[in-house]
Amino acid sequence: IPYRSLIPKDFSNLLVACNGSSFSHIAASSARLQRVMMAMGKAAGYAAYLAIKNNYASAMDVYNDENCLNELVDTMQKSYGITEPNPNWEGGNINT
């Protein structure tokens, strides 16, 4: 789930980690699972920590900072036991 989907349109300082997140109707069926919601909450919490740590004014600043975004991805991958980097991940964008 892209980090950007946790930030509602027209809001830069709000993270929504629940069924109210921005999903397509196709992704929503997978994203409603409890384990996915828990991971979204964890990502939102860590992103908020990164924003505070770096004195950013908004959650969108974390998205725009490649170092913060990479740290967020690395932290989430390590917390779920993913040791190999995603070959489709290129600094803020998932190439599919």
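**Close-up 1. Aspartate 10, an exposed residue ahead of helix H1.** Aspartate 10 counts as exposed, because its relative accessibility is 73% (the cut-offs are buried under 20% relative accessible area, exposed over 50% and partly exposed in between, with a 1.4 Å probe and protein chains only). This is a predicted model, where local features need pLDDT of at least 70, side-chain atom pairs count only at pLDDT 80 or more, and totals for chains, interfaces and linings use all residues. Residues are numbered from 1 along each chain as its sequence is written, and side-chain values use heavy atoms, with hydrogens and water left out. Aspartate 10 sits in the segment before helix H1 (25-31); helices here are DSSP runs of H or I with at least four residues, strands are E runs of at least two, and both are numbered from the N terminus. Its phi is near 75 degrees, a positive value in a residue other than glycine. Most residues other than glycine have a negative phi.

**Close-up 2. Asparagine 55, in the loop between H2 and H3.** Here's another positive phi in a residue other than glycine: asparagine 55 has a value near 55 degrees. The loop holding asparagine 55 runs between H2 and helix H3 (59-64). At 72% relative accessibility, asparagine 55 is classed as exposed.

**Close-up 3. The aromatic pair in helix H2.** Searching the whole structure turns up 1 aromatic pair. The ring centres of tyrosine 46 and tyrosine 49 are 5.3 Å apart with planes at 45 degrees, so the pair is tilted. For the cut-offs, rings of Phe, Tyr and Trp (its six-membered ring) pair if their centres lie within 6.5 Å, and planes under 30 degrees apart are stacked, over 60 edge-to-face and the rest tilted. Both tyrosine 46 and tyrosine 49 belong to H2 (residues 34-53), 3 residues apart, or about one turn of the helix. Tyrosine 49 is partly exposed, at 41% relative accessible area.

**Close-up 4. Helix H2 packed against helix H4.** H2 and H4 (residues 66-79) pack at about 140 degrees, with axes 10 Å apart. Axes are lines fitted to C-alpha atoms, for helices over the stretch in contact, and angles run from 0 to 180 degrees between N-to-C directions. That angle makes H2 oblique to H4 (under 35 degrees is roughly parallel, over 145 roughly antiparallel, 65 to 115 roughly perpendicular, the rest oblique). The crossing of H2 and H4 is right-handed, meaning that the near helix is turned clockwise from the far one by less than a right angle, while anticlockwise would be left-handed. On the H2 side, the residues in contact (heavy atoms within 4.5 Å) include Ala39, Lys42, Tyr46 and Leu50, and their partners in H4 include Cys68, Glu71, Leu72 and Met76.

**Close-up 5. Glutamine 34 and glycine 41, two more residues of H2.** Glutamine 34 is exposed at 61% relative accessibility. Its C-alpha atom is 9.6 Å from that of cysteine 18, 16 residues away along the chain. Glycine 41 is partly exposed, with a relative accessible area of 33%. Between glycine 41 and leucine 6, 35 residues apart in sequence, the C-alpha to C-alpha distance is 9.5 Å.

**Close-up 6. Zooming back out to the chain.** The chain has 4 helices and 2 strands, following the pattern α-α-α-α-β-β along the sequence. Buried residues make up 28% of its 96 residues.
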